[in-house]
Amino acid sequence: MKTWIPILILLLAVTGLCIWDSVHTIKVFNRMESESEYIYDALLNRPITDEEIQSRIINLNDYWTEKMDTLSVSISRKDMQPVSDYLQYLYASIINESQDDAVTYSRLLHYNLEGLREVIGIDMLNLL
């Protein structure tokens with residue numbers, strides 16, 4: 001009976017960690033996808049010199065940089081690297097004031113976020 005208590009505590013701790021990680025990952029990806037979609041739509045209608053767009057890109061980059069360490073518990077850094085790369089390209093397009101590059105990289109960013117979410121999500125296809 002004494003061995004069941006530590007096993008039960010360990011099981012509850014691991015289950016709690018898995019649930020927290022899933023909720024946190026979903027929350028981060030929801031925000032990243034909605035922001036990247038907004039940035040893409042905004043770049044189609046407004047110039048890259050718009051301060052609101054620039055601040056959203058910078059804030060999204062900072063948010064991803066902050067959350068990436070926590071996400072690396074359950075997602076490989078290698079899988080997250082394209083998102084980081086496209087965010088940096090998007091940031092560089094602010095500096096270069098390149099509208100075409102900004103539109104391209106914002107679309108690629110959104111596409112990679114959707115793909116990463118599908119890969120890490122719980123789905124019948126992933127269970128095969």
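**Note on aromatic contacts and a surface patch**

1. In this predicted model, the side chain of Arg 31 lies over the face of Tyr 63, at a distance of 3.9 Å from the centre of the ring. A charge over a ring is also found at Tyr 40, where the charged end of Arg 107 sits 5.2 Å from the ring centre.

2. Turning to contacts between rings, the structure holds four aromatic pairs. One of them joins Phe 29 and Trp 64, whose ring centres are 6.3 Å apart and whose planes stand at 75°, so the pair is classed as edge-to-face, the term used for planes over 60 degrees apart. This pair links distant parts of the chain, since Phe 29 belongs to helix α1 (residues 4–45) and Trp 64 to helix α2 (residues 51–71), with their positions 35 residues apart in the numbering.

3. Are the two partners of this pair buried or exposed? Phe 29 is buried, with a relative accessible area of 1%, and Trp 64 is likewise buried, its relative accessible area being 1%.

4. A further aromatic grouping deserves a mention, in that Tyr 86, Tyr 89 and Tyr 105 form one aromatic cluster.

5. On the surface, Leu 8, Leu 11 and Leu 12 form a nonpolar patch, and together these residues have about 310 Å² of accessible area. Leu 8, which is placed in helix α1, counts as partly exposed because its relative accessibility of 48% falls between the limits of 20% for buried and 50% for exposed residues.

Key: Residues numbered from 1 in each chain as written. Predicted model: local features only at pLDDT ≥ 70, side-chain atom pairs only at ≥ 80, totals over all residues. Heavy atoms only, no water. Phe/Tyr/Trp six-rings, centres within 6.5 Å; stacked < 30°, edge-to-face > 60°. Helix = DSSP H or I, 4+ residues; strand = E, 2+ residues; numbered from the N terminus. Buried < 20%, exposed > 50% of the residue type's maximum accessible area, 1.4 Å probe, protein only. Lys NZ or Arg CZ within 6 Å of the ring centre and 35° of its normal. Patch = residues over 30% accessible without salt bridge, like charges linked within 9 Å, V, L, I, M, F, W, Y side chains within 5 Å. Areas by Shrake-Rupley, 256 points an atom, 1.4 Å probe, with all protein chains shown as cover. Salt bridge = Lys/Arg side-chain N within 4 Å of Asp/Glu carboxyl O.
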